[in-house]
Amino acid sequence: MASPMSPGQQPTIATENGRAARPVAVPSGAPLAVRGLTVSYGEKPAVFSVDATFPAESMSAIIGPNGAGKSTLLKASLGVIPRLSGDVYVFGQAIEKARERIAYVPQRASVDWDFPTTVMDVVQMGLYRRVGLLGRLSGRMAARARDCLDRVGMADFAHRQIGQLSGGQQQRVFLARALAQDADLYLLDEPFAGVDAATERAIIDVLKTLKAEGKAVVAVHHDLSTVRDYFDHVFLINVRRIAEGPVATAFTTGNLQATYGGRLAATHLDELSPTGGA
Ligand SMILES: Nc1ncnc2c1ncn2[C@@H]1O[C@H](COP(=O)(O)OP(=O)(O)OP(=O)(O)O)[C@@H](O)[C@H]1O
Ligand SMILES: [Mg+2]
């Protein structure tokens, strides 16, 4: 049985003959670090041998083409899908011990919107971890749920069925649920997909407030034109890790080309490169 690990402790890999192998460097303060992560749904890995470190008190973007393994990386980081190999550390702790510190907003297409539940129910689901599934939500917690809806501009919709909202409104409600969890690490899968400019602004304002409060935000993001404006750090993936680092140094034409291959037009890349476009 694995022994408990304190935050920041450097784990070692036990080899088959029982000797400890080289220590795996895991930055103790990093909100999220994965090491040697491989996930496979079939024969071909969706994520292969990925190392990634997402920094504290910052906004990080996970960037890559469709099918690159971005959602898979997030789900494996949450511990909700099995890993073929590798480890996930949340604030230096094994994921199994730190799940409660993470809030997750799934990719919209993956949610069953016909599920018969109200907006208020969805947000209060974020609070169940505290009270247990059979526990009663106190008035204080209901007030907290309402406050989170208010933060995303959805307080007027509290009693609406979730399936009767527009896509952008649903996205705001799922963000409210994540806020209700009062987590330290927020994982969001394409939070801006299919939302209008006002909703995008509202969501980015909430995320920037989280960062200002000292939280870490990691979001899968497709719109390359807003990366510089929204994010501090990028992780580029196409099944394998392509590059990672501060936006200023890692979000480069060369790295984008390596990530997308021929799928991005040269003119598009010119506009995005640090020296081009402006
Ligand atoms: N449940 C599943 N069963 C089998 N294959 C899957 C499953 N989920 C994802 N895949 C496959 O794994 C690969 C990575 O999928 P993933 O959803 O992680 O990509 P993504 O980078 O999030 O793409 P997108 O930008 O389209 O959301 C794809 O080839 C996909 O078809
Ligand atoms: Mg995805």
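Which helix gives the most to the shell around ligand 1? In this predicted model, that helix is α1, spanning residues 70-78, which supplies three residues to the shell. The full set of residues surrounding ligand 1 reads Y41, A46, G64, N66, G67, A68, G69, K70, S71, T72 and Q107. Sorted by class, this shell holds seven polar residues, three nonpolar ones and one charged one.

Attention now turns to strand β10, a good place to look next at the bench or on the screen. This strand covers residues 216-220 and is mostly covered, with five of its five residues buried. The side chains fall into two sets: A216, V218 and V220 point one way from β10, while V217 and A219 point the other way. Both sets are made up of buried residues.

The neighbours of β10 come next. On pairing, strand β5 (residues 59-63) runs parallel to β10 and is joined to β10 over four bridges. Within this pairing, I62 has V220 of β10 as its bridge partner. Strand β9, made of residues 185-189, also pairs with β10 in the parallel sense, here over five bridges. In that case Y186 is the residue that stands opposite V217 in β10. V217 and V220, the two β10 residues named in these contacts, are both buried, and they point opposite ways from the strand.

The link between β9 and β10 can also be followed along the chain. Helix α7 (residues 197-212) joins with β9 and β10 to make a β-α-β unit, and this unit is right-handed.

Terms used. Residues numbered from 1 in each chain as written. Chains lettered and ligands numbered in written order. Predicted model: local features only at pLDDT ≥ 70, side-chain atom pairs only at ≥ 80, totals over all residues. Buried ≥ 20, exposed ≤ 12 C-beta atoms within 10 Å, placed from the backbone. Pairing = 2+ DSSP bridges. Right-handed = clockwise from strand over helix to strand, strands pointing away. Near = placed C-beta within 6 Å. Nonpolar A, V, L, I, M, F, W, Y, C, P; charged D, E, K, R; others polar.
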